[in-house]
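Welcome! Have a look at the sequence and the 3D view below before reading on, and feel free to turn the model around as you go.

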Amino acid sequence: MRRLLYTLVGLIAVSGAAKVEAAEITRVDGADCQISLSGPIESGDLDKLEEAVSRGGSLCLDSPGGDFLEGLAIAEWLAGRNIMTVVGDGALCYSACAIAFMGGSDWEQIYLPRRKLHIGGKLGFHAPYLIALNKTYSGAELEATYSDGLQAVARMMELGARTGEDGFISERVMLKLLAAGPRDLYMIDDVIKAKALSIELIGVPKAKWTTASLCNACIVRNERRARIDACNQPVSSTAISKDVVQTSFFGFAGEGSYYCAVRLSKKTGEASIAATIGEDELSNKDLEFARLDDEDELSVSLKED
């Protein structure tokens with residue numbers, strides 16, 4: 001009960017105890033965005049965004065966080081307004097900013113996420129924490145904060161229901177945030193985490209497929225469901241044609257008992273994958289393979305932080 005209380009207290013916290021200046025909102029008319037929001041998010045920033053960002057536009061975010069409720073209000077306003085959110089190269093977006101970022105979307109009979117993260121940017125969701133650990137709260141203050149926290153959680157759940165099961169923040173990620181320790185950040189620092197939140201990665205370099213990066217792609221496409229030593233197991237390579245070589249890795253999916261097979265064209269450099277197959281399917285030249293993307297080469301670990 002105490003942990004839940006601290007969680008709800010933290011949910012409405014600001015990213016610092018002292019009052020700070022509101023975010024700066026400017027028109028930039030760049031290739032990636034039309035409006036930029038930079039600096040701490042404070043009450044009143046949504047009003048400025050409503051005046052600055054038009055439907056069909058795009059919003060770049062570069063903020064350490066700020067007022068959680070204002071970030072949530074921005075996300076609620078963005079949802080379904082055909083406004084794309086972007087965290088660009090070198091930018092950071094934490095806490096309340098990350099919540100606002102997740103509002104980037106469109107609505108065309110169904111909810112469509114429209115949010116982009118440059119691989120050189122940083123996006124992190126703040127775990128709940130008390131903003132003044134050295135302060136003694138009265139019973140009335142705790143009761144009021146608990147009530148406000150419940151309402152904040154309800155708003156997030158309502159927004160999630162409105163945008164589809166995984167449209168806003170997936171339940172799996174939400175549980176990670178609520179279970180995290182004080183001052184922790186859940187960083188979106190690999191392609192698996194980005195896919196789980198329907199975030200498009202930009203700035204991804206052209207893939208240069210090696211045996212190691214092909215196994216990395218197997219981890220990505222199996223969403224880390226693999227033995228810890230899957231990429232250290234012996235591999236087998238078979239010529240499917242004069243141009244195409246198939247490399248097979250063992251140790252994926254159900255208790256690490258399946259193979260992942262990747263086919264690489266020596267002529268075009270393109271790769272395709274059959275992420276989870278049985279041993280009896282390895283020699284099937286007609287097996288269906290899906291094309292790998294450049295982002296599947298981006299390094300991931302088998303253990304999620």
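Here is a short tour of strands, helices and nonpolar cores.

Please keep in mind that this is a predicted model.

**Parallel strands**

A good place to start is strand E3, residues 58–62. Four of its five residues are buried, so E3 is largely enclosed by the rest of the structure. On one hand, E3 pairs with strand E2 (residues 35–38) in the parallel sense, over four bridges. Within this pair, Ile35 has Leu59 of E3 as its bridge partner. On the other hand, E3 also runs parallel to strand E4 (residues 84–87), joined to E4 by three bridges. Here Cys60 stands opposite Val86 in E4.

How does the chain get from E3 to E4, and what is the hand of that crossover? The chain passes through helix H3, making a right-handed β-α-β crossover. A right-handed β-α-β unit is also made by E2, helix H2 (residues 45–52) and E3.

**An open antiparallel sheet**

Further along the chain you can find an open sheet of five strands, paired antiparallel in the order E12-E13-E14-E15-E16. Its edges are strand E12 (236–239) and strand E16 (290–291), each of which pairs on one side only. Inside the sheet, strand E14 (residues 258–265) and strand E15 (residues 271–277) run antiparallel and are joined by five bridges. One residue pair to look for is Arg263 with its bridge partner Ser272 in E15.

Helix H8 (residues 211–221) packs on this sheet and touches strand E13 (244–252), E14, E15 and E16. The direction of H8 makes about 55° with that of E13.

The strand pairs with their bridges, side by side:

| Strand pair | Sense | Bridges |
|---|---|---|
| E2 and E3 | parallel | four |
| E3 and E4 | parallel | three |
| E14 and E15 | antiparallel | five |

**Nonpolar cores**

In soluble globular proteins, nonpolar side chains tend to be buried together. In this model, the largest nonpolar core has 65 residues, and Leu123 and Phe125 have the most contacts inside it. Helix H3 (residues 68–78) provides the largest share of this core, with seven residues.

Which residues does Leu123 touch, leaving aside those up to four places away in sequence? They are Val87, Cys93, Tyr94, Ala98, Phe101, Leu117, Tyr186, Met187, Ile188 and Ile199.

Apart from the largest core lies another core, of seven residues, including Tyr259, Ala261, Leu282 and Phe289.

Technical notes:
Residues numbered from 1 in each chain as written. Predicted model: local features only at pLDDT ≥ 70, side-chain atom pairs only at ≥ 80, totals over all residues. Heavy atoms only, no water. Pairing = 2+ DSSP bridges. Helix = DSSP H or I, 4+ residues; strand = E, 2+ residues; numbered from the N terminus. Contact = heavy atoms within 4.5 Å. Axes fitted to C-alpha atoms, helices over the stretch in contact; angles between N-to-C directions. Core = buried A, V, L, I, M, F, W, Y, C linked by side-chain atoms within 4.5 Å. Buried < 20%, exposed > 50% of the residue type's maximum accessible area, 1.4 Å probe, protein only. Right-handed = clockwise from strand over helix to strand, strands pointing away.
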